[in-house]
Amino acid sequence: MVMNFLRNNKVAAGILTFLRVYLGWKWLTGGWGKITGEPFSAAGYLNNAVANPVVSHGEVVYPNYVAFLEKFAIPGADVFSFMVAWGELLVGLGLILGVLTTYAAFFGVVMNFSFMFAGTISTNPWMILIAFFILAAGYNAGRIGGDRWVMPYLKGLIFKNNTPNKIAA
């Protein structure tokens, strides 16, 4: 019943539009500040996450994530800085415009969890909760937005060659 409401109801589409624009604005402003402000570098954040990992009862909670940061993210900090700044901006644009909405919400959740694994709580749980409603709603979350036109167009492009050939009798 709840899923049917989220996925098909026009009132839900209106509520989801408000939620996705709010969430998109949060992402957009974060990314915009990183792109247009002082040169953004994630190196300090990444090094701090390794130096001060999430610990519970004296044990590192996410040792695989710390190893990923040490071996992959810190050596590639310039690439990660670029990906974070532009990723935040693009997730925000996708959510605000309602274009590729579920993809934008998904990648926003991935970034939120990355920040949380590094020990940053902030607004991340709240943003993940809102994004889960958008993900559960699927297409309906972007119905009042660009997905109304973009998704049918993309489906037409992707599936136009998948129709069975008819043999003339």
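Helices here are DSSP runs of H or I at least four residues long, numbered from the N terminus. On that count, F115 sits in helix α6. The model is a predicted one, so what follows is a reading of computed geometry.

F115 makes a handy starting point. Its relative accessible area is 17%, and since buried means under 20%, F115 goes down as buried. Setting aside residues up to four places away in sequence, F115 touches W27, Y45, V84, E88, T120 and N124. Y45 is a long way off along the chain, 70 residues from F115, yet the two C-alpha atoms are separated by 9.7 Å.

One of those partners, E88, brings in the charged side of the story. Side chains of opposite charge can pair when their charged atoms come close. The structure holds one salt bridge, and E88 forms it with K34, with 3.0 Å between the closest N and O atoms. E88 belongs to helix α5 and K34 to helix α2, which spans residues 10-36, so the pair ties together parts of the chain that are 54 residues apart in sequence. The two ends of the bridge are covered to unlike degrees: E88 is buried at 5% relative accessible area, whereas K34 is partly exposed at 23%.

Right beside E88 in the numbering comes L89, also placed in helix α5, which runs over residues 77-97. L89 is buried too, with a relative accessible area of 8%. Beyond its neighbours within four places in sequence, the contacts of L89 are W27, L28, G31, W32 and I35. As for distance, L89 and G24 are 65 residues apart in sequence, but 8.7 Å apart in space from C-alpha to C-alpha. W27 turns up again here, being in contact with L89 as well as with F115.

Another part of the picture is a nonpolar patch on the surface. V79, F82, M83, W86, L90, L93 and L97 make up this patch, and together they have about 690 Å² of accessible area. One of its members, L90, is found in helix α5, the helix that also holds the buried L89.

Away from the surface, the largest nonpolar core counts 20 residues, and the ones with the most contacts inside it are L16, L23, W27, L95 and I134. Helices α2, α5, α6 and α7 are the elements that give two or more residues to this core. Of these, α7 gives the most, with six residues. A second, separate core has 11 residues, including A42, V50, A73 and F80.

I134 deserves a closer look, as one of the best-connected residues of the largest core. I134 lies in helix α7 and is buried, with a relative accessible area of 0%. Not counting neighbours within four places in sequence, I134 is in contact with L16, L19, R20, L23, L95, T101, T102, A105 and A141. Three of the core's top-contact residues, L16, L23 and L95, show up in that list. F106 is 28 residues from I134 along the chain, and their C-alpha atoms are separated by 9.1 Å.

Two loop residues stand out for their backbone. L100 has a phi near 55 degrees, which is positive even though the residue is not a glycine. L100 lies in the loop between α5 and α6, the latter covering residues 101-117, and at 33% relative accessibility L100 counts as partly exposed. S122 has a positive phi as well, about 45 degrees, again without being a glycine. This one lies in the loop between α6 and α7, where α7 covers residues 124-137. With a relative accessibility of 60%, S122 counts as exposed.

Finally, there is the annotation to set against the model. The unreviewed UniProt entry marks residues 89-113 and 125-142 as "transmembrane region". In the model, residues 89-113 are 88% helix and 0% strand, and the end C-alpha atoms lie 17 Å apart. Residues 125-142 are 72% helix and 0% strand, with 22 Å between the end C-alpha atoms. The loop residue L100, between α5 and α6, has a number that falls inside the span 89-113.

Definitions and conventions: Residues numbered from 1 in each chain as written. Predicted model: local features only at pLDDT ≥ 70, side-chain atom pairs only at ≥ 80, totals over all residues. Heavy atoms only, no water. UniProt positions renumbered as here; feature names shortened; annotations may be inferred. Buried < 20%, exposed > 50% of the residue type's maximum accessible area, 1.4 Å probe, protein only. Contact = heavy atoms within 4.5 Å. Patch = residues over 30% accessible without salt bridge, like charges linked within 9 Å, V, L, I, M, F, W, Y side chains within 5 Å. Areas by Shrake-Rupley, 256 points an atom, 1.4 Å probe, with all protein chains shown as cover. Salt bridge = Lys/Arg side-chain N within 4 Å of Asp/Glu carboxyl O. Core = buried A, V, L, I, M, F, W, Y, C linked by side-chain atoms within 4.5 Å.
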